Amino acid sequence: MIASRTLKVREADEEVDLPIRIYAPRQDNGCWACRIEIDWPDEPMARDAYGHDSAQALHHGLQMVGIHLYVSGYHEDGLISFLEPGFKGYGFPVTKNVRDIAHPDDAFL
């Protein structure tokens with residue numbers, strides 16, 4: 001693991017941790033893969049983001065985290081927070097096709 005961030009999710013009447021982990025890119029069948037994990041309260045998720053080199057795989061992994069956060073029902077319902085309640089961004093970049101639903105602080109990372 002090379003990076004992690006813990007967001008909060010409102011579940012019922014309490015806030016629970018939403019751990020996010022990013023792993024070092026690794027070579028995988030002639031390309032590079034970067035593993036990301038998001039421990040959603042209802043179903044933890046792990047995916048690989050791919051790139052031509054390690055830098056691109058890492059960039060795609062960070063974008064994948066941002067995309068999964070912003071398209072989640074938790075975001076849609078306003079249940080995710082970072083740093084403090086009311087702070088709207090999550091600190092992950094997103095692709096152009098998700099910028100319209102991302103907080104402006106994240107939309108152009």
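1. Ile-22 stands opposite Ile-36 in S4. This pair belongs to the antiparallel pairing of strand S2 (residues 14–22) with strand S4 (residues 31–38), which are joined by 3 bridges. Another of the pairs sets Ile-20 against its bridge partner Ile-38 in S4. The model is a predicted one, and the points below should be read with that in mind.

2. S2 also pairs with S1. The two strands run antiparallel and are joined by 9 bridges. Glu-11 stands opposite Glu-14 of S2. S1 and S2 form a hairpin with 2 residues between the strands. Ala-12, in the turn, has a positive phi of about 55°.

3. On the other arm of S4, strand S3 (residues 26–28) pairs with S4 in the antiparallel sense over 3 bridges. Arg-26 has Ala-33 of S4 as its bridge partner. The hairpin of S3 and S4 has 2 residues between the strands, and Asn-29 takes a positive phi near 55° there. Gly-30 is also found in the loop between S3 and S4. Is Gly-30 buried or exposed? Gly-30 counts as exposed, at 84% relative accessibility. The C-alpha atoms of Gly-30 and His-52 are separated by 8.4 Å, although the two residues are 22 apart along the chain.

4. S4 pairs with strand S5 (residues 45–51) as well, in the antiparallel sense and over 7 bridges. Trp-32 stands opposite Gly-51 in S5. The hairpin formed by S4 and S5 has 6 residues between the strands. Ala-46 has its place in S5 and is partly exposed, with a relative accessible area of 30%. Leaving aside residues up to four places away in sequence, Ala-46 touches Arg-35, Ile-36 and Glu-37. The C-alpha atoms of Ala-46 and Ile-36 lie 5.7 Å apart, with 10 residues of separation along the chain. Ile-36 is thus named twice in this note, here as a contact of Ala-46 and in the opening point as the residue opposite Ile-22.

5. As to cysteines, a search of the whole structure finds 0 disulfides. Why is Cys-31 without a bond to Cys-34? The closest cysteine sulfur to that of Cys-31 is in Cys-34, and at 12 Å it is too far for a bond; the cut-off for a disulfide is 2.5 Å between the sulfur atoms. Cys-34 is likewise in no disulfide, the sulfur of Cys-31 being its nearest at 12 Å. The settings of the two residues can be listed separately: Cys-31 is partly exposed, with a relative accessible area of 24%, and Cys-34 is buried, with a relative accessible area of 0%.

6. Helix H1 (residues 54–70) has 17 residues. From its first C-alpha to its last, H1 reaches 25 Å, close to the 24 Å expected at 1.5 Å a residue. Asp-53 caps the N-terminal end of H1, with a side-chain oxygen 3.3 Å from the backbone nitrogen of Ala-55. The buried residues of H1 are Ala-57, Gly-61, Gln-63, Met-64, Val-65, Gly-66, Leu-69 and Tyr-70. The list includes the polar residue Gln-63.

7. The largest nonpolar core has 24 residues, and Leu-69 and Ile-80 are those with the most contacts inside it. Strand S1 (3–11), S2, S4, S5 and H1 each supply at least two of its residues. Which element gives the largest share of this core? H1 does, with 5 residues. Leu-69, itself one of the buried residues of H1, touches Leu-7, Leu-18, Ile-20, Trp-40, His-75, Ile-80, Tyr-90 and Phe-92, not counting residues up to four places away in sequence.

8. His-75 has its place in helix H2 (residues 73–76). Which side chain does that of His-75 join in a polar contact of 2.7 Å? The partner is Tyr-90. With residues up to four places away in sequence not counted, His-75 touches Leu-69, Tyr-70, Ile-80, Tyr-90 and Ile-101. Those contacts include Leu-69 and Ile-80, the two residues with the most contacts inside the largest nonpolar core.

Note on methods
Residues numbered from 1 in each chain as written. Predicted model: local features only at pLDDT ≥ 70, side-chain atom pairs only at ≥ 80, totals over all residues. Heavy atoms only, no water. Buried < 20%, exposed > 50% of the residue type's maximum accessible area, 1.4 Å probe, protein only. Helix = DSSP H or I, 4+ residues; strand = E, 2+ residues; numbered from the N terminus. Expected span 1.5 Å × (residues − 1). Polar contact = N/O pair within 3.5 Å; in protein donor to acceptor, adjacent residues only side chain to side chain. Pairing = 2+ DSSP bridges. Contact = heavy atoms within 4.5 Å. Core = buried A, V, L, I, M, F, W, Y, C linked by side-chain atoms within 4.5 Å.
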